[in-house]
Amino acid sequence: MALLPILKYPDPRLKTVATPVTQFDDQLVKLTKDMAETMYEAPGVGLAATQVNVHKRVIVVDVSEDKSGLIVFVNPEIVQASPDSKSYEEGCLSVPGIYESVDRPDTVRIRAQNVKGEFFEIDCDGLLAVCIQHEIDHLNGKVFVEYLSQLKQTRIKTKLKKQERAQL
Ligand code: ZN
């Protein structure tokens, strides 16, 4: 297994729309293992392949406290979303140190495939619902800060640039 470098906002590669996975092979298994390791190491509760510069529709999520709840979503789709929305303070491994509230449907039903290509459906609520919607956005080239006002987005970019300079 290997740790993968995570792209940082506003890297233009984060705007890439990921393509569906058609090959359910060893390479896919390796990718999901590396992504899980990278997510746990960060640490984070979700990671989309887009964030590690692999533009395939693959997501890993684990919202458990003890790393016991890993779910791999290949080609995930939202098949049902509740009309009620909820605001949740989100963060992102590609936008370090920034936490902002975003409104999203409260519960969603996701249809996806596992690494073997088998289809499954899962009803998500709470943090899992927030996380999976956030990660599917990544596959569509969208970062959560894009839900915020232009002014806030500009401030975030400035803050991240300063952080980057401080690290050099
Ligand atoms: Zn993210």
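## Salt bridge between strands E4 and E5

Arg104 forms a salt bridge with Glu90, the closest N and O atoms being 2.7 Å apart. Arg104 belongs to strand E5 and Glu90 to strand E4, so the pair ties together parts that are 14 residues apart in sequence. The term salt bridge denotes a side-chain nitrogen of Lys or Arg within 4 Å of a carboxyl oxygen of Asp or Glu. Helices (H or I, at least four residues) and strands (E, at least two) are DSSP runs, numbered from the N terminus.

The model is predicted: local features need pLDDT of at least 70, side-chain atom pairs count only at pLDDT 80 or more, and totals for chains, interfaces and linings use all residues. Residues are numbered from 1 along each chain as its sequence is written, and side-chain values use heavy atoms, with hydrogens and water left out.

Arg104 is buried, with a relative accessible area of 4%, and Glu90 is likewise buried, at 3%. Here buried means under 20% relative accessible area, exposed over 50%, and partly exposed in between (1.4 Å probe, protein chains only).

## The E4-E5 hairpin

The two strands that carry this salt bridge also pair with each other: E4 (residues 85-92) and E5 (residues 95-105) run in the antiparallel sense over seven bridges. Two strands are taken to pair if DSSP finds at least two bridges between them. E4 and E5 form a hairpin with two residues between them. Within this pairing, Tyr88 stands opposite Val102 in E5. In a regular strand the side chains alternate between the two faces of the sheet.

## Strands E3, E6 and E7

Strand E6 (residues 108-113) and strand E7 (residues 119-124) contain a further ion pair. Asp123 forms a salt bridge with Arg109, with the closest N and O atoms 2.8 Å apart. The pair links distant parts of the chain, as Asp123 is in E7 and Arg109 in E6, 14 residues apart. Asp123 is exposed, with a relative accessible area of 54%, whereas Arg109 counts as partly exposed at 29% relative accessibility. Arg109 also stands opposite Asp123 in the strand pairing.

Six bridges join E6 to E7, which run antiparallel. The two strands form a hairpin with five residues between them, and Gly117 in the turn has a positive phi of about 95°. E6 pairs in addition with strand E3 (residues 71-81), in the antiparallel sense and over five bridges. In that pairing, the bridge partner of Ala81 is Val108 in E6.

## Salt bridges in the whole structure

A search of the whole structure finds seven salt bridges. One of them joins Asp11 and Arg13, with the closest N and O atoms 2.8 Å apart. Asp11 is buried, with a relative accessible area of 16%, while Arg13 counts as partly exposed at 40% relative accessibility.

## Positive surface patch

Lys15, Lys157, Lys161, Lys162 and Arg165 gather in a patch of positive charge on the surface. Patches are made of residues with over 30% relative accessible area and no salt bridge; like charges are joined within 9 Å, and nonpolar side chains (Val, Leu, Ile, Met, Phe, Trp, Tyr) within 5 Å. The place of a charge is taken as NZ of Lys, CZ of Arg, CG of Asp or CD of Glu. Lys and Arg count as positive and Asp and Glu as negative, while His and the chain ends are not counted. Accessible areas come from the Shrake-Rupley method with a 1.4 Å probe, and for residues only the protein chains shown count as cover.

Lys162 is placed in helix H3 (residues 150-167). This lysine counts as exposed, at 54% relative accessibility.

## Backbone exceptions

Most residues other than glycine have a negative phi, and most peptide bonds are trans. A cis peptide bond joins Tyr9 and Pro10, with omega about 5°; Pro10 lies in the segment before helix H1 (26-41). The peptide bond from Ala42 to Pro43 is also cis, with omega near -10°, and Pro43 is found in the loop between H1 and strand E1 (46-48).

Two asparagines have a positive phi. For Asn53 the value is near 65°, and this residue lies in the loop between E1 and strand E2 (58-61). Asn53 is partly exposed, with a relative accessible area of 34%. For Asn75 phi is near 55°; Asn75 is placed in strand E3 and counts as buried at 13% relative accessibility.
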